[in-house]
Every structure is written in C-alpha cells, then in structure tokens.
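This report looks at how two protein chains meet and at some of the charged pairs found in them. Please read it alongside the sequence and the structure shown here.

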Amino acid sequence: MGEILKPGDADEVLDIIQWATNSAVALDIRGAGTKIRLGRPMSGLPVLDLSALNAILYYEASELVLSASAATPINQIQQALAENNQVIAFEPPDFGKLMGTPSGAATLAGILSCNLAGPRRIQAGAARDHFLGFNAVSGRGETFKSGSRVVKNVTGFDLSKLMAGSYGTLAVLTEATIKVLPAPEKVRTVLICWAQDGSYDHGGVKALGDAMASPHEVSGAAHVPAALAHLSGVQFIAETGSAITAVRVEGPGPSVEHRCRELRQLLGRYGSTEELHTTNSTILWREIRDLDFFTHDMNRLIWKLSVPPSEGSRVALKILEGNPGDALYDWGGGLVWLAMEPREDALAEVVRSFVREVGGHATLFRAPDKMRATVSTFHPLDGPMHSITKRIKEGFDPNGILNPGRMHDDI
Amino acid sequence: MEMPKPDQTIIDRRSQIINDLHSIVPGEGLIADEGELKAFECDGLMAYRQLPLVVVLPETTKQVSQIMAYCYKNDVKIVPRGAGTGLSGGALPLEDAITLGLSKFNKILEIDYDNRCVTTQPGVTNLAITQCVEDRGFYYAPDPSSQIACSIGGNVAENSGGVHCLKYGLTTNNLLGIEMVMMNGEVIRIGGKHLDPSSYDLLGVVTGSEGLLGIITEVTVRILRKPEIAKALLLGFESCESAGDCVAAIIGAGIIPGGMEMMDTFAIQAAEDFVNAGYPRNVAALLIVELDGPAPEVEHLISKVERIATNNNATYIKVSEDEEERLKFWSGRKAAFPAVGRLSPDYLCMDGTIPRGQLAYVLRQMSILSQKYGLRVANVFHAGDGNLHPLILFDANNEGEMEAAEALGADILRLCVQVGGVLTGEHGVGVEKRDLMGEMFTEEDLKQQQRLKCAFDPGHLLNPGKVYPTLHRCAELGKMHVHKGSLPFPDIPRF
C-alpha cells in the first residue's frame, strides 16, 4: 500500500484530485476498505481515504429520503432509519467475513459504487434502484452533481445509475442520496425440506420460480443444497441434514400469515414444508445475504453468476461437473454463488463459456490478489461494449487516475 | 424556444438524402410528401411544430443500423420517434433532421413465463404488453396515463412513470435489457433476462436519455403477477394542508399504497362535471388512495388508512365497494387533463417534483403566481412521490397568452427547484424545460452530462437541441483545464 491521503471534507477531496490529475498520479479510492478484494488489486497506489467524510446530512422520514457523506457507515444509517421504522430496502450485504476484511464497516458510497444488493433485490431492486443523487469530483478535478433529493426525477441523464457499480473508476463520490422505505412489519419464511439424498438444485430452482410467479410478493427466494444447509446458523435447518428451499414473505401481519398459508399449499408438492418466524428468518436471510456458508474455507474461489433465473441450476451443475465445489442460489435462481477449489486459471474460461450460453455474466468475486491480477475478475467486454465503456471512462477521468484497471485492463 | 440553426447544406441535399434512404428502406417506409409529413410535425407537446426533413420508418434492426451509419458518415441529424405521445417535445422534428420512427417495430417477440419477462420490439404499446400476458394473471407495472397509445421504446427513452410507480417503480426499475443501435451504426445488447450489469450500468443511463444516446430496437421488461385484489379510498379534506398531512401520516405508518393521488378543488369540479365520478364537491382537496395485494392485507390497510384519515380531519371518506366503483373513483383522475382542457381552449401540463412537506407552501405560492399572470391553474398531484401536475389554462388566440402561460409554467418549475425539487418527475426535459436546466444544474454539471453524450454521439447528431440548453462541441468538452499548482494541500493529513 502506498501513501494515504485523508481529506477532511469535499473541498479537500477536490484539491487532491486536482493535484493528482495535474501530476498524473493514480489513486486507490477507499471508504472503509471492506471491498479492496473486489476487482483487480490496486497494489502500491497512493490511497485516497474518504473515511473522514462521515455524517448523515439530511433525513426526512416522511419524504423517504436520506443523504449522507460518502463514507458514512451503513450501520450508522440503518440505526438512524430504525428509529423511524425504516430500512434500506435493497439489503446491503456485509461481505467482511467472506472477504477477510473488517465486518460491519461498509460505507454508503462503497455499497453504491459496487451496486451490491441482498436477497430482496428481486422485489425491491438493487442499490442502483435506490440511488437518487450525488455530489462527486470527477477525474478531471471538477465538482459535479446529478439527481436530487426527491424520489421521482427524470431531469437530465441518470448519472446515479452510471456511478452505481462503477467501482470508483469514474468519479469520487462525496455525498449520496438514497431512497429509504418503511421496515416490513412482519417477516416469515416458508421452507421446503427436501428428502435426505441429493442436493435438489433443479427442483429448488423450479420451486422458486413457482413462488415468484405467484401473487404472494415474495421478497427472498433461495435454495441451499444439503452440503451447505448443515452450516446454517438456524438450528432447525442445520439439523434437517437435507437441502432446503426458502421463500420469504414480508408485510403486515395478516397478509404475511395469509401468504405463508398459500405458499405452503403451492410448494407442498415438492416436499414437506415448514415455517420460520422472525428470529430464524432474520438469521437465515442474513447468512444468505452475507454468504456465511462460504466463510469456512477461505481458500476456495468464489464466483458470482447473474443469469436468467430458470437457468441457474443448469449452469451451475454444468460448471461443477468434474470441478469440485458448491452452489448457493439466490434471487430465484438468477444469482448463483459458486465456491470452488483454487486453480490457477480460476476456471474462468469454463465458467464464462457456460454463462455465455444462457446470457448473463460471471464475476470472480473472491480469489487471491495474484489471481485477480491475471484473471479478468469482471466479465470481459466485447468489442463495441468495450469501446463505449472506455469512452465513458475518458469523459469522466481522461487521465485515468481513479482506480485504474480495477474493473478492466484499460478502464 | 430557439432550436439549433438548421444546416442549409443538409436541406439543399434533401433529394439526395431521400434517394439514399430509399435504397435502405424501400417503399412506403419513407415519407417525403409535405402533406404526409404533417402527421409528424409535433408530439404530445403540440405548441411546437416543425416539419421534418423526411420521415423514415424502418422495419428491421439492420435497416436502422444502415440509416445510422449513413447519417453518421454524412453528418445528417436524426430525431427518434416512438408513438409521438411525449409531453415535453422530445420528438419535435428539426428542419434539417430526418425523423426516424419506430412504429413498424410492432411485434412482441417472446413471452417467457419461466423468467417472468417479455421481449418486444419498441413500437409495441405499453398496454399491449400487459394484454399479452394478462390471461395468465401477469401485467407490466409502469402505467403512464397514455398507456393505450405510448410505445414501450418511448417509455424507455423517457423513463415513464404512472400512478403506480411509488410502489412498483418507473420504467428504469422494470427494464431488464435492450438492443440499441449506436450513432455509428453498431448494434449493442445491454442486459437480457438476468439482473444487474457486470460493468457500467448502460441500461440505467440509456433509460430516460430522451433519444440522445441511441435508437432502441428491442426491449425486455419484467412482468409481475397481478395483485389478488385492489381497493381504493376517496378522502376529502377542507384544506390542502390536511390532505398533505394525511399523505405524510400514511407513509409514516409504513404504508406504501399502490397509488396515492391528490386533486384540488378546480380539478375536482372539472372532473366531476366531465365524467361524474362521484367525487364530493364541497372539499378543498381530494385524495385517492389505492391499496393492492392479498385480500387480508388490503382489508387490514384500508381500515388503517381510514383511521389515519379521520385523525387528519378528513371530512369525507368512502371505500370502493367493488371493482366497478374502484374504477369509477379512478375515472375522474384519469380524465382530469381532458376535463380541465374542456374548460379552456388550451392548457399546458407541468411536471415538477417537490419534497411532499413543501406541498402546502408550493400550492399557496402557485395561487399567487396564478393571480399575478391572470391565468387559472388546476392541480393534480401524484401525492405519494411529490410529483405535481399543475395545468395552466390559456387561450392561444389571445395575443401574448401563450407566452404568459409559458412564463407562469417556468415560474412554477423554478419554485419546485427552490424548495428542493426538480424540473420534471416523469415527462422529460425535451425542448419544453430545456432552457430551465440551469435552474437545477451548474454549467459543470451540465458539461459532465454532455460528456456522457459525447461517448455515444460525438457529433451531436442524435436529437440535438433537446434536454441541454447549450451544445458544446465534444472536442471542447474533452479539453482538460489545468488546475492550480502542483504543491498539494499542506493541511491534509497524510500517513
């Protein structure tokens, strides 16, 4: 790690970026550093540490809007929201334990910049869907803003979407505004407990499809094969010894009870069903969100696949054929997490060729620095997509000083 | 409204351009006859009209690609057009630009129930998507009031909303993928049937880009199961303040209704006279609150909202008894624009968003402005998300009245920005609000937005004169400003 520059406010961020761009010094942009192991390693660059930009600036519960400085911890925001019975609906994950970085420290801008969302993605949307506006400093050394503090706005290009998932390669966020929502009154989970033998990947994904095609407003849809289920922190699941398929419903009490009944009836044909109430539901969806199932063996590589939901299990099983590993399915089958034995090439060609067949993309999510320096961590861009991506980058950061190479070789 | 100065050399080459385009799109797909061009001279913002140089209506992505490549090579500008229902002049033709219409892209390509999505050509109407899946109990959630006519490609270009977007999101939240032709003729696919991009969110920036970044030739949207039931409440109040307080209290209680609309006295009377929706006439503000979902949830929430309304001094409360009555409640709201339009030869429909807490203040200021200009203003309002639709009544035959109406509209939008809101919540900037962009954005903000434009369209050939008040050349935007000296910030802690 190189020198650390720690600005105290947005003006100092501007000063630093102006100096960096004039001097052609590339920077490693960080909030709390919980995601430094995502994407290409930035080894040796001076670090722009934003952790001092830490304050909630505006929160009006009845407007469903919150603004905070870039590096405000998500935990701090969630506490403020909880006082008004509100939440960040996209369920920001905490990958600290998974990645071997600090837990509970993730920041607002960090989550937005990586566009990370938890199981509720299927119902509430991703981080990008809640990102209303921001202030930032571009790689040109200029302050600019986009969006606003109201939930409905189509004035000008939606640059918040562009910033979401850009991993700090376009501009340094100094302040962000997000939409917040009422906390669900009640949560329950319907479980399908499969027979003892087999992992039931196909059956599980099919059942999730049925649940998501029902009118019961499912807010979580995951399948945990038996090989992982026994690791669950929910005692009941750990003890069943079988694969489980989990479907979450949230909302007002009478509604949740009604929908649970209906879902148990709908899903009963796959196997016996059970219900988890508040505490166990919370544990289960948190461990799915944070991928606790893959924190036991830190040597394994982790791939994140985004595919059409109905194809999730087919793609996963093709990849796992002959390559030892485990699959965990979220987002109704559309999000597949694979944990695999380490290999020098990370099996990238195999993984990506199967994903290509069905449409979607694969990210090498956890791997040693050395491997992430050589294997493309993000799905490679084809010709026209590569050139448009490069031109966008050049429009925001012509000297390539912001997290260069973090996502792609020359981006 | 000043449009970019037409390029006479292009106009002089018109017959050559027509010939060249004809070799790409033969037969009736090319419209050059002045009488026929009339049908394309404006979109839903009818105050502005201009005959296009020529209209081309391709049928295949390949044709679109060839047209774009041709225009790119020959410096010909393009104005994209869907169904022409836009309300901000986004499809207003230019004298020296071809209008590229997508109306022949009218086929639904695939219905995929396993992945709960529909892939369609962009000229298909919003409502047709719902219609093709409703026999299986599905629907497409965003429902702009023009949904019977507006095209899904246009919805993507404008990021259209509708009365249900508080709960179900705008177009951008329901879109999974597109195929798009770039200005140089290249065809790219963004997204698909999976969620979230692996790299920059191009789907997110193209949505709502008002035809400035590319031509959309295919769209994939997610479909949802229809809620089990829906019920609506009519709530009347003696003041807009009470109605506003009630809206805040409903959200404060953790309820996100499927729709929550407000109308002021003027709009209520006009709607009642027009469609007889059964609205109370003796209230200052009316709320329509719709709750949808499983029956037990709807019943539970209806009684909760009733209690909240009573606590907030509602003077009139009525719950829809059946589906017929629910639709009747909505009939007045859905007919509000034409109902108000009946009272006046012309009207302008504005579209600002404000923080809801500012509603009472904004309505008071608006009535002062209305008196100042001597023009009547009716208000309908997506109360849940703060999106205002003031309707300004005027008569274009009276000299100066249209200009006065536009000036009043601009003042109203400035007011929205002053209280922390925005110029447009769902109709887009187009030409209508273009010159007000400086109220919301600095020159730097606007330049950075245009640098994104340059990445897609370096020659400013796509829909020039829309959205951005000043067109900077891309080379000029790309220039780096050298900042102050290189001795950096002695005061900043370094480790």
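## Charged pairs and the chain interface

B:Glu323 is partly exposed, with a relative accessible area of 41%, where buried means under 20% relative accessible area, exposed over 50% and partly exposed in between (1.4 Å probe, protein chains only). This is a predicted model, in which local features need pLDDT of at least 70 and side-chain atom pairs count only at pLDDT 80 or more, while totals for chains, interfaces and linings use all residues. Residues are numbered from 1 along each chain as its sequence is written, chains are lettered from A and ligands numbered from 1 in the order in which they are written, and side-chain values use heavy atoms, with hydrogens and water left out.

B:Glu323 forms a salt bridge with B:Arg326, a term that stands for a side-chain nitrogen of Lys or Arg within 4 Å of a carboxyl oxygen of Asp or Glu. The two residues are 3 residues apart in helix α12 (residues 323-334) of chain B, about one helical turn, helices being DSSP runs (H or I, at least four residues) and strands likewise (E, at least two), numbered from the N terminus. B:Arg326, at a relative accessible area of 12%, is buried.

A pair with similar spacing occurs in chain A, where A:Arg372 and A:Asp369 lie 3 residues apart in helix α15 (residues 369-374). A:Arg372 is buried at 0% relative accessibility, whereas A:Asp369 is partly exposed at 43%.

B:Asp112 and B:Lys193 also meet in a salt bridge. This pair links distant parts of the chain, 81 residues apart, with B:Asp112 in strand β5 (residues 108-112) of chain B and B:Lys193 in the loop between β9 (187-191) and α8 (202-206) of chain B. B:Asp112 is buried at 9% relative accessibility, and B:Lys193 is partly exposed at 22%.

The table lists the N to O distances of these pairs and of one that joins the two chains.

| Salt bridge | Closest N and O atoms |
|---|---|
| B:Glu323 and B:Arg326 | 2.6 Å |
| A:Arg372 and A:Asp369 | 2.2 Å |
| B:Asp112 and B:Lys193 | 2.9 Å |
| B:Asp445 and A:Lys145 | 2.6 Å |

Over all chains, the whole structure holds 55 salt bridges, and 9 are found across the interface of chain A and chain B. One residue at that interface is B:Asp445, found in helix α17 (residues 443-456) of chain B and buried, with a relative accessible area of 2%. Leaving aside its neighbours within four places in sequence, B:Asp445 is in contact (heavy atoms within 4.5 Å) with A:Thr143, A:Phe144 and A:Lys145. Residues of both chains also take part in a network of salt bridges that links A:Arg121, A:Arg128, A:Asp129, B:Asp196 and B:Asp201.

How many residues of chain A are in contact with chain B? There are 91 such residues, and they are in contact with 100 residues of chain B. Between them the chains bury about 7,900 Å², 58% of it on carbon and sulfur atoms, buried area being the accessible area (1.4 Å probe) that two parts lose on being put together, summed over both. A:Lys152, A:Val154 and A:Phe157 supply 12% of the area that chain A buries against chain B, more than any other three residues.
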